[in-house]
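Subject: Structure handover

Dear colleague,

Here is the structure we talked about passing on. My notes follow below it.

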Amino acid sequence: MISIGNNLNVEFEVVDTMSQLIMTNSNVIEYLRDRGHENTRINNNAITAMYDISTKFNYVSSIYIFKEYKEYIHISRHLTNVDLNLVYSSLWRKEILEKRGACVIRVNGHGAFKKKFGEPLISVIRVINDIDTQKPIGIIVINLNIDILKNSFNDMTSDDRNFWYYAGGKIF
């Protein structure tokens, strides 16, 4: 059990590193600071940066970056639906803002995200603070495939030993 926990901790540390690379990327920062509406060049540069960084990491299904005023960009390897009303609700954001940049991990973003074909997602969510002011300017959500859980114990299963995760009333 300790090995399984350690494997999973290492995977989430890698995801944490990826989120930091994205959050501090100059193109992403420019997108978040831009008050223009749908500036194609700025949006495309940020999306390209997200894509370039994420291709080096496993298990990524989609990445969303939400501005404070209901604009967002995303990349996706799998069809993912997002409930924008939930994402921009104060109740959904409360814990994320309270963490002040630390990660919040939720199954399906606590109802905000749904993979088109029903398989659950592991959402790693954190606030993005402006580098200069340290005030929140956005939120990043990295949705991971459920394979991150399966592979954390894959080498430890056998015919007489199996593992699963239980969260949100579901067994993974």
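Helices and strands here are DSSP runs, numbered from the N terminus: a helix is H or I over at least four residues, a strand is E over at least two. On that basis the protein has seven helices and nine strands. Please keep in mind that this is a predicted model.

Overall figures

The protein has 172 residues, of which 44% count as buried. It exposes about 9600 Å², and carbon and sulfur atoms supply 50% of that area. Among contacts between residues at least 6 apart in sequence, 56% join residues at least 24 apart.

The sheet

Five of the strands make an open sheet, in the order E2-E1-E7-E6-E4, with antiparallel pairing. Strands E2 (72–76) and E4 (104–107) are at the edges, each pairing on one side only. From one strand to the next, the twist averages 15°.

E6 (residues 121–129) and E7 (residues 136–145) run antiparallel and are joined by nine bridges. In this pair, Val124 stands opposite Ile142 of E7. Gln134 sits in the loop between E6 and E7. Its phi is positive, about 60°, although Gln134 is not a glycine. With a relative accessible area of 53%, Gln134 is exposed.

On the E4 edge, four bridges link E4 to E6, again antiparallel, and Arg106 stands opposite Ser123 in E6. Side chains in a regular strand alternate between the two faces of the sheet. In E4, Val104 and Arg106 are on a covered face, while Ile105 and Val107 are on an uncovered one. Helix H6 (residues 108–111) includes Asn108. Asn108 is another non-glycine residue with a positive phi, near 55°. Its relative accessibility is 15%, so Asn108 counts as buried, the cut-off being under 20%.

On the E2 edge, five bridges join E1 to E2, which run antiparallel, and Ser62 stands opposite Ser76 in E2. The hairpin of E1 and E2 has four residues between the strands, and Lys70 in that hairpin takes a positive phi near 60°. The covered face of E2 holds Ile73 and Ile75, and the uncovered one holds Tyr72, His74 and Ser76.

Ile75

What does Ile75 touch, leaving out residues up to four places away in sequence? The list is Ile47, Met50, Tyr51, Ser54, Ser62 and Ile63. Ile75, in strand E2, is buried, with a relative accessible area of 11%. The C-alpha atoms of Ile75 and Ser62 are separated by 5.6 Å, and the two residues are 13 apart along the chain.

Helices

Helix H2 (residues 26–33) lies across E1 (60–67), E2, E6 and E7, and runs at about 40° to E1.

Helix H3 (residues 40–54) has 15 residues and reaches 21 Å from its first C-alpha to its last, close to the 21 Å expected at 1.5 Å a residue. Its buried residues are Ile42, Asn43, Ala46, Ala49, Met50, Ile53 and Ser54. Seen down the axis of H3, these fall within an arc of 130°, so they line one face of the helix. An α-helix has 3.6 residues a turn, so residues three or four places apart point the same way. Met50 and Ser54, both among the buried residues of H3, are also among the residues that Ile75 touches.

Which residues of helix H5 (residues 90–98) are buried? They are Trp92, Arg93 and Ile96. The three cover an arc of only 80° around the axis, which puts them on the same side of H5. On the other side of H5, Ser90 and Leu91 are exposed. Just after H5, Arg100 takes a positive phi of about 55°.

Where to look

For a quick check in the viewer, start with Ile75 in strand E2 and its contacts, including Met50 and Ser54. Then turn to the residues with positive phi described above: Lys70 in the hairpin of E1 and E2, Arg100 just after H5, Asn108 and Gln134.

Regards

Conventions: Residues are numbered from 1 along each chain as its sequence is written. This is a predicted model: local features need pLDDT of at least 70, side-chain atom pairs count only at pLDDT 80 or more; totals for chains, interfaces and linings use all residues. Side-chain values use heavy atoms; hydrogens and water are left out. Two strands pair if DSSP finds at least two bridges between them. Axes are lines fitted to C-alpha atoms, for helices over the stretch in contact, and angles run from 0 to 180 degrees between N-to-C directions. Contact means heavy atoms within 4.5 Å. The expected span of a helix is 1.5 Å times one less than its number of residues. Buried means under 20% relative accessible area, exposed over 50%, partly exposed in between (1.4 Å probe, protein chains only). The arc is that of the directions from the helix axis to the C-beta atoms. Accessible areas come from the Shrake-Rupley method with a 1.4 Å probe; for residues, only the protein chains shown count as cover.
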